Amino acid sequence: MTALYRHVAAELREDIVRGVYRAGTMMPSLDEICVRFSVGKATAAAAYKVLEAEGLVTTHQGRGTIVLSHPDLIRLTVRSRQIERDAYGYYSGPEVMHWRALPHADGTLTRVITAPVPADVAEILGVTAGAPLTVRRRIVGDPKIGEHRQLADSWLAPRLVEELPALSGDTGLGGTYDRVEEWAGRPLAWREEVSARIPSPDEAEALRMPVTTPMLRVVRVTTLPEEGQEQGGRVIEVQDIRMSSARFAVGYPLLRGESARWPVSPATGDYYSAATDEPE
C-alpha cells in the first residue's frame, strides 16, 4: 500500500502541474494540509519533503513553502544547440547571444587552473584519468536574470596548451576558439552529448538551484578536422557545461534521414506483429 504521505504529495503535485498553485506563490500551511487530507503534521511535512526533492517547491523557515518554476509548468529557455557568431566570437544558439561571463564568488570572470581531469573527459582527450590538465572555468548567464546561468569548464588538450601558451592566460578577443583557428588556419568543429545528474553542493550554489533537482550536463567536444574535412580530426578541447533542469530544456530539430526522404515507399511490415517478424 502506498504510504499516506506519498498520496498527499501526489495530490499536491497534480495541483501544481494544473496551475492551482503557481510559481512564486505560497503553498498551504501544514495545518491546512492536515485539515484537507485528515493527516497529522508529520505526514504533511513528509509530503512537502517529497515535492522539495523533486524541485517543485522550496521551504523557508518561518515563511512557509513556495512553488518553484519547473519544466512541467514553463520552459524558460529552449536551447537549440547550434554554433553562432557575433562581434564577441562564437556562442551556442540565438537564445543566449545576450549572455555574458558572470563573476565567480571571488570576483574573477575566468579561473584558469590546473586540476585533475574527470575520467569521462580524460577518455575523450586521450589522457589518463586524474591527470593534471589546464581548465578554464567560467559562469555564463543572463546579466538581468540571476537564475539563468550555466557553469562551463573548458578542459584543454595538453599538447594544445604547449603549442599555444596564451590559452593558459588572457586569450584576448574571440577567446580560445579564435586563437586556435588563427593558429591552425582552418575552422573548428563541434559535437555534443547531453545527460543529467544531481549537482554537487558547490554546483547547486553556483547555479542557484536546489541540490535535489537534476542538473543538465552538456559535454561539448571541439575538434580540429583535417584540411577539407568538416568533422573528425584532433580533439583540442572538452567543455563540461552544466545548467539547472528546472530552468532549461535542450531543443533541436529532428531531421529526416536518407531512408525517410519524401516521397516514402509504402510500409510492408506490421509494426504490431511479433518482434521476430521482419519487414519484406
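## Helix 1 meets helix 2

At what angle do helix 1 and helix 2 pack, and how far apart are their axes? This is a predicted model, and in it the two helices pack at an angle of about 105 degrees, with 12 Å between their axes. Helix 1 and helix 2 are therefore roughly perpendicular to each other; angles of 65 to 115 degrees get that label.

Which residues make the contact? From helix 1 come V8, E11, L12 and D15, and from helix 2 come I33, R36 and F37. Sort the residues of this contact by class and you get 4 nonpolar and 3 charged, with no polar ones.

## Helix 2 meets helix 3

Now for the other partner of helix 2. The axes of helix 2 and helix 3 come within 9 Å and cross at roughly 105 degrees. That makes helix 2 roughly perpendicular to helix 3.

On the helix 2 side, the contact is made by L30, D31, I33 and C34. Helix 3 brings K41, A44, A45 and Y48. By class, this contact has 6 nonpolar and 2 charged residues, and again no polar ones.

## The buried side of helix 2

Helix 2 covers residues 30-37, and I33, C34 and F37 are buried in it. Looking down the axis of helix 2, you find its buried residues within an arc of 100 degrees, so they line one face of the helix. What do they pack against? The buried residues of helix 2 pack against helix 1 (4-18) and helix 3 (41-53).

C34 is a good residue to look at up close. It sits in helix 2 and has a relative accessibility of 13%, so it counts as buried, the limit being under 20%. Setting aside residues up to four places away in sequence, C34 touches V39, G40, K41 and A44. For a sense of distance, try C34 and G89: they are 55 residues apart in sequence and 56 Å apart in space, C-alpha to C-alpha.

## The loops on either side

Before helix 2 there is a loop that joins it to helix 1, and G24 lies there. Is G24 buried or exposed? At 59% relative accessibility, G24 counts as exposed. G24 touches I66 and V67, leaving out residues up to four places away in sequence. G24 and T58 are 34 residues apart along the chain, and their C-alpha atoms are 10.0 Å apart in space.

After helix 2 comes the loop to helix 3, which holds S38. S38 is exposed, with a relative accessible area of 65%. Its backbone is worth a look too: phi of S38 is near 55 degrees, a positive value in a residue other than glycine.

## Two nonpolar cores

In soluble globular proteins, nonpolar side chains tend to be buried together. Here, the largest nonpolar core has 25 residues, and V117, L125, W155, L160, V180 and L188 touch the most other members. Which elements give two or more residues to this core? The helices are helix 4 (119-125), helix 5 (158-163) and helix 6 (175-184). The strands are strand 8 (132-141), strand 9 (149-156), strand 11 (215-224) and strand 12 (234-244).

Take L160 from that list: leaving aside neighbours within four places in sequence, L160 is in contact with L167, V180, W183, R234 and I236. Apart from this core lies another, of 18 residues, among them V8, L12, Y48 and V57. You have met some of these names already: V8 and L12 take part in the contact of helix 1 with helix 2, and Y48 takes part in the contact of helix 2 with helix 3.

## Backbone oddities

Most residues other than glycine have a negative phi, and most peptide bonds are trans. Besides S38, have a look at R208, where phi is near 55 degrees, a positive value in a residue other than glycine. R208 is in the loop between helix 7 (201-207) and strand 11, and at 49% relative accessibility it counts as partly exposed.

Where is there a cis peptide bond? The bond from W262 to P263 is cis, with omega near 0 degrees. You will find P263 in the segment after strand 13 (248-251).

Methods:
Residues numbered from 1 in each chain as written. Predicted model: local features only at pLDDT ≥ 70, side-chain atom pairs only at ≥ 80, totals over all residues. Heavy atoms only, no water. Buried < 20%, exposed > 50% of the residue type's maximum accessible area, 1.4 Å probe, protein only. Helix = DSSP H or I, 4+ residues; strand = E, 2+ residues; numbered from the N terminus. Arc of directions from axis to C-beta. Contact = heavy atoms within 4.5 Å. Core = buried A, V, L, I, M, F, W, Y, C linked by side-chain atoms within 4.5 Å. Axes fitted to C-alpha atoms, helices over the stretch in contact; angles between N-to-C directions. Parallel < 35°, antiparallel > 145°, perpendicular 65-115°, else oblique. Nonpolar A, V, L, I, M, F, W, Y, C, P; charged D, E, K, R; others polar.
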